[in-house]
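Subject: Structure handover

Hello,

Here is the structure for you to take over. Please open it next to this email and follow along.

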Amino acid sequence: MTNTFSRQVLPTPEALRPWVTGIGSVSVGAASAEPYVQLPDTATTVVFRVGENGRRSTLVVGPRTRASYHHGRRFVSCLEMRLAPGITRPLLGVPAVDLVGRMVPLDELAAAPARRLARELRDLEPEEVVPHLARSFPDLSGAADRSRTALMTAGADALSMRTGRVPGPVRDVARELAVSERQLRNLFAEGVGLSPKHYARINRVRAVLAQADDVPWAQLAATTGYYDQSHMTTDFRTLMGVPPRSFFTGRLPAARPCQAALAGR
């Protein structure tokens, strides 16, 4: 069966950049026999979804600690908005840790900010969503603790892969931010939903996924900060369910039915 899946990165308006790390459009025109992968992800994502019957829904997809494999995709289009670290509670009224591994209709969250956002988005056309949010998101400046958000952003940046730099140990990052390791863990639980260590592991495995086509395995392990190729393989298998060679040759775990096509892919 023909796979008509497509993804497009959309520009993020200047007004949204303090709150959103990326916006994307995803669509598929037919079911595919090929399984698709939901990668481990550190972000909480708000998904505005339109199904084949024109029905609209807005979902919140929490961080994913491990990959999952799915089939049974139906026609759907989605607008995906990835929230910056520390923004989940000011925007949705819940800490990120409450959303880990979950996909929840926005209007089913009990907090008033989430229900208000669901009402605002309910009657919008897909092309109206981002302009509307660009106008309304600056109101978060009163709800967000700027110093805490800045600390969360700095911690997430320090534990993320960057060109030419591998993240240091969590204890060193805590020292750099002038907080205890316990404070850093609490900060990440609320602002990201994951421990600092798990955040760094996911970020590193995603770096392996991004670079694997161009770099030999041993070199890739070194450039992504692993002690050796064996450690990289073990970490990859833990988060992805299969070792790197199996993943990149298409020998994937058994796929399961998808409960909501494409949401948070």
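Below is what was found, from the whole chain down to single contacts.

Keep in mind that this is a predicted model.

Overview

The protein chain has ten helices and nine strands. It runs to 265 residues, and 48% of them count as buried. Take the contacts with a separation of 6 or more: 68% of these join residues 24 or more positions apart. The exposed area of the protein chain is about 13300 Å². Carbon and sulfur atoms supply 49% of that area.

Strand S4 and its partners

Start with S4, residues 45-51. This strand is mostly covered, with seven of its seven residues buried. Which way do its side chains go? Thr45, Val47, Arg49 and Gly51 point one way from S4. Val46, Phe48 and Val50 point the other way. Both sets are buried, Arg49 included.

S4 pairs with strand S5, residues 56-61, through six bridges. The two run antiparallel. One position to look at is valine 50, which stands opposite arginine 56 in S5. The hairpin of S4 and S5 has four residues between the strands. In that hairpin, glycine 54 takes a positive phi near 85 degrees.

S4 also pairs with strand S7, residues 76-83. That pairing is antiparallel too, over seven bridges. Here glycine 51 has valine 76 of S7 as its bridge partner.

S5 goes on to strand S8, residues 103-105. Three bridges join S5 and S8, again antiparallel. Leucine 59 stands opposite proline 105 in S8.

Aromatic pairs

How many aromatic pairs does the structure hold? There are five. Two of them share phenylalanine 236, and they are worth a look on screen.

The pair of phenylalanine 236 and phenylalanine 247 is edge-to-face. The centres are 5.9 Å apart, with 70 degrees between the planes. Phenylalanine 236 lies in helix H9 (residues 229-240) and phenylalanine 247 in helix H10 (residues 244-248), so this pair ties together parts eleven residues apart in sequence. Both rings belong to buried residues.

The pair of phenylalanine 236 and phenylalanine 248 is tilted. Centre to centre, the distance is 6.2 Å, and the planes are 40 degrees apart. Phenylalanine 248 also lies in H10, so its pairing with phenylalanine 236 in H9 ties together parts that are twelve residues apart in sequence.

Are phenylalanine 236 and phenylalanine 248 buried or partly exposed? Phenylalanine 236 has 1% relative accessibility, so it counts as buried. Phenylalanine 248 has 31% relative accessibility, so it counts as partly exposed. The cut-off for buried is under 20%.

Trp217 belongs to this group as well: ring pairs link Trp217, Phe236, Phe247 and Phe248 into a cluster.

A charge over a ring

One more contact involves arginine 204 and tyrosine 226. The charged end of arginine 204 sits over the tyrosine 226 ring, 5.2 Å from the ring centre.

Where to look

For a quick tour, begin at S4 with its seven buried residues. Then follow its bridges to S5 and to S7. Finish at the cluster of Trp217, Phe236, Phe247 and Phe248.

Best regards

Conventions
Residues are numbered from 1 along each chain as its sequence is written. This is a predicted model: local features need pLDDT of at least 70, side-chain atom pairs count only at pLDDT 80 or more; totals for chains, interfaces and linings use all residues. Side-chain values use heavy atoms; hydrogens and water are left out. Rings of Phe, Tyr and Trp (its six-membered ring) pair if their centres lie within 6.5 Å; planes under 30 degrees apart count as stacked, over 60 as edge-to-face and the rest as tilted. Buried means under 20% relative accessible area, exposed over 50%, partly exposed in between (1.4 Å probe, protein chains only). A charge sits over a ring if NZ of Lys or CZ of Arg is within 6 Å of the ring centre and within 35 degrees of the ring normal. Two strands pair if DSSP finds at least two bridges between them. Contact means heavy atoms within 4.5 Å. Accessible areas come from the Shrake-Rupley method with a 1.4 Å probe; for residues, only the protein chains shown count as cover.
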